[in-house]
Amino acid sequence: MGEQGMESLPPLPRCLILDYYDSYTNNLLTLFTQLYSDEEVLRKVVVVKYDHYDWETFQRLILPNIDCIILSPGPGRPDKPSDIGFALDLIRQHPLPILGICLGHQAIGVAFGAKIINVPLIRHGHVVEVFPTDPSSDLFAPMPGHDVQASFAAVVYNSLVVDADSLPANLTVTAWTDPGSNLSTVMGLKHRDLPIWGVQYHPESISSTCGSSLLFRYIEAVHRIYNHPASYPRLETEILDSCAYRIATRQAKSAVSTQNSEIPRKLPSLPVEPRASSTHASTSRAASHQTSSARRAFSLVERSFEESGRHRSTADIFDSVIRCRASLKSGAMGEIWLDGESPTRATTTSLACPNFLLTYALASQTVTLRTPGKVLRSGLGTATTFWDWFDQAQQSLATPRSEIGGWKGGWVGWFSYEMKQESLQGYKADHRGDNGKSSLDGLDACWSWSDWLLERSSTGRWTLRAVIRAADAESLPIDAGVGKLLHQAGVSVGLLESQFDTLYSTISAALNDSMHKLESRDFEPFHIQPDTDGPAYRSSIEDCRESIRQGDSYELTLTTSFNAKLPPGLDPFHLYLQLRKSNPAYYSTYISFPSVVTPSGRGIYILSSSPERFLKIQVGESGRTIEMMPIKGTRKRLKKGVCACSLTSGCRRQSPGAKVCETERARIDEQIGQALQDDPKERAENLMIVDLIRSDLLSCCIPSTVTVPKLIALESYGVHNLVTTVRGCLGDAVSSVVAVKRCFPPGSMTGAPKLRSVQLLEQYEGNRQRGIYSGALGYISADGAVDLSVVIRTMVIQGNALSLGAGGAITWMSNADSEWAEVLTKVESVVGSLFSH
Ligand SMILES: C=C(O[C@@H]1C=C(C(=O)O)C=C[C@H]1O)C(=O)O
Ligand SMILES: NC(=O)CC[C@H](N)C(=O)O
């Protein structure tokens, strides 16, 4: 070493990132793609779980075939063998250049004899100022052409830190935070003689600066150690295959990619044929979309109803067309209303009567097909998960892709929170919450299929959309999977052209039936009670804070459940009509499956007013985009009609509703929102989940495409919320269902790091199953488009039992009283004055 830094980008060495099941590890890839192309990074950099190989195998198979190592951040302690695996041996034997980040950095300290202590001030998700001891050299030297800076801003996620007083002589401190104060801690280390470096902060965080220059200088140092070869070989396939999530390098960033399957195949991307003015639905054009090499049984059609029904309310149409028309309801499994009443974002509404349901029981690993006349079960066996089985089902019933947004027919349903057992890598079955109360009993996932739907655009026009089955189409394979079940039950998927025509006429008549009147019904308020009372919840908050203090978690979304017995005769639909008025939300949804029986009785009904997007997949010109919009940070609003006037505000009359009162109320409400957006605790809560969501998306996206177009924006619906938008382009080989699986459960409902937080929360929530609450709800369109909400602010009714989950993110800075008040605010935003509690 000792040579002047090279001023050009070195070729990329083969780099293995050892992942401690942290929820930020994949973000390191974005530092690489700021320097190198996606193709190069996906060929040369691999993320492998720290327990994927044992030490002996790692030394034999991996070490000889890589050039450098990054040790990731992670939960727990570097001096605890189960948390750190073989890293201490790796560092002590220092076979290759190593860069440790956060937990990895602390492991470097421990490996050479330093002590780990608690930080004087825990500030997960906060931006701190880092002061390199020599900002002009080694890993902190600026990028070529940039000025030397005495300090830079970076995000920290640590509870623990290397004790500066215990450092052995062979380790040097390279950076500090808060130098000279009693908050000062070690932010960087390096070995005096060996190519081993560590940083305590998170260079990969969205709000950290100088991350790519650190990586650049590390790669430059690695390159120097290998005497500047012209290039490095690509990683061997076996090593690439040991990555938890592979993204296809082939055709990275290509235009529209294939629908599905881990084996990429080229299918044409086809638009839906609009049939706005035709009264004869012809499927011939749709059918002609099929190519002989990729023949599909199903296609999409749509036909508008022009002015019909335009002046009637959506609730009225839902009641008259979907709920009351016997000819449409016979043969249906229930009613679906993807409502989407949003004051700030334009939405479409979809109404449907599904033909069949697929439900999944985690405990017995059994899929059940439910049709109006039949119930058929099929065991999955232990070799597969429902996610993979359902992925195949989705693919076998898929239509060609359409660039038109929204649900075009196909699946509507949910994955309950417990489906994490089959999606979350490293999840330990013995921590499962299945000894807790389960009321879902076999509805851990539930996906209904609708051949057709009635859609209202944001301008009010109604359109019939359908999945069409070509009369001469080959039938589905019936030897396994969904095809076998559907065949046994005698269900055929998709409408024939003639059926579409008849349906169009029937619905047209119903839309024009102005005699229909939607009755509104009053009902008695009922009593809703929390599962956990305030003191018990406060005590769980302290448990969460203790886990955070010990370094096991950075943030935990603690939840509880509120329950009520409904008065006899209460129709959930009428309760939903009240909810959509009192708490309009982007993802408001009503689902009714009256024939499904659970331990609480007959029928399951979902009444959702979720404002939160979990995940949306759209097909666009440049490929499939995936977007997630986590919410963190919630405050009560000052509602319309409340007089907030004070003596100083100039309103003397103090009469709620008066114009001057309303102006004052709006001003104070805006101030509350602004204060939320400016609050460092709330911003940190949001940032922690944003970094986690970026890492989730990197498990299915081309790395350089993952961006954050909107960071910590204020959205005010029923409550004030802070919302971030994270977006990326899906990798070619990642199907829609696989993308959902890789990001499930929603990070805003777990906290970070996801795996460790999920398992801790199971303990702190008394092994209670969260059920549909905290899961994902929405559509997976026949063409692979997806839009799912995070299931919050949602009433689930089974028989006469109503449950409503609520919770909030706990960080070190949480105050038990205000967290409990936040939970009650969320509950109130849903049940409001309907209930006494
Ligand atoms: C846990 C809930 O909400 C989650 C927690 C939030 C928060 O802590 O601010 C906000 C939205 C959700 O991601 C809930 O509504 O029950
Ligand atoms: N982000 C991290 O790697 C955290 C490391 C360690 N668990 C701590 O809390 O200090």
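Me: What share of the contacts in the chain, counting separations of 6 or more, comes from residues 24 or more positions apart?
Reply: That share is 78%. Keep in mind that this is a predicted model. A contact here needs heavy atoms within 4.5 Å, so the figure is about atoms that meet in space although their residues are 24 or more positions apart in the chain.

Me: How do you know how much of the chain is buried?
Reply: Each residue is held against a cut-off: under 20% relative accessible area counts as buried. Of the 837 residues in the chain, 63% are buried. The chain's accessible surface comes to about 30500 Å², and carbon and sulfur atoms hold 50% of that.

Me: What makes D19 buried or exposed?
Reply: Its relative accessible area is 2%. The limit for buried is under 20%, so D19 counts as buried. D19 sits in strand β1, which covers residues 15-19.

Me: Which residues does D19 touch, leaving out those up to four places away in sequence?
Reply: D19 touches T25, V47, V48, K49, Y50 and S72. Each of them has heavy atoms within 4.5 Å of D19, because that is what contact means here.

Me: Why is helix α19 called mostly covered?
Reply: Eight of its eight residues are buried. They are S736, V737, V738, A739, V740, K741, R742 and C743. Being buried means under 20% relative accessible area, so each of these residues falls below that limit. As for the whole chain, it has 21 helices and 38 strands.

Me: Which parts of the chain are called domain 1 and domain 2?
Reply: Domain 1 is residues 15-242, while domain 2 is put together from 296-429, 441-528, 564-612, 791-806 and 818-824. Their C-alpha centres are 47 Å apart.

Me: On to the ligands. What makes a residue part of the surroundings of ligand 1, and which come nearest?
Reply: The test is a heavy atom within 4 Å. There are 17 residues around ligand 1, and E612, G633, T634, Y773 and R793 come nearest.

Me: How do you know which residues have polar contacts with ligand 1?
Reply: Set each distance against the cut-off, which is a pair of N or O atoms within 3.5 Å. A polar side-chain atom of E612 is 2.7 Å from an oxygen atom of ligand 1. For G633, a backbone N or O atom is 2.9 Å from a ligand oxygen. For S748, a side-chain N or O atom is 3.4 Å from an oxygen of ligand 1. These distances are within 3.5 Å, so E612, G633 and S748 each make a polar contact. The protein covers 100% of the 390 Å² of accessible area that ligand 1 has on its own. Elements giving two or more residues to this shell are β30 (631-636), β37 (801-810) and α21 (816-831).

Me: How many nonpolar, polar and charged residues are in the shells around ligand 1 and ligand 2?
Reply: Ligand 1 has six nonpolar, six polar and five charged residues around it. Ligand 2 has seven nonpolar, seven polar and no charged residues. Gly is put with the polar ones.

Me: Which residues are closest to ligand 2?
Reply: Of the 14 that surround ligand 2, the closest are G74, G76, C102, L160 and G551.

Me: And what makes Q106, L160 and G551 polar contacts of ligand 2?
Reply: The limit is again 3.5 Å. A polar side-chain atom of Q106 is 3.1 Å from a ligand oxygen, and a polar backbone atom of L160 is 2.8 Å from an oxygen. A backbone N or O atom of G551 is 2.9 Å from a nitrogen of ligand 2. The distances fit the limit, so they count. Ligand 2 has 300 Å² of accessible area on its own, and the protein covers 100% of that.

Definitions and conventions: Residues numbered from 1 in each chain as written. Chains lettered and ligands numbered in written order. Predicted model: local features only at pLDDT ≥ 70, side-chain atom pairs only at ≥ 80, totals over all residues. Heavy atoms only, no water. Domains from an automatic or database assignment. Buried < 20%, exposed > 50% of the residue type's maximum accessible area, 1.4 Å probe, protein only. Helix = DSSP H or I, 4+ residues; strand = E, 2+ residues; numbered from the N terminus. Polar contact = N/O pair within 3.5 Å; in protein donor to acceptor, adjacent residues only side chain to side chain. Areas by Shrake-Rupley, 256 points an atom, 1.4 Å probe, with all protein chains shown as cover.
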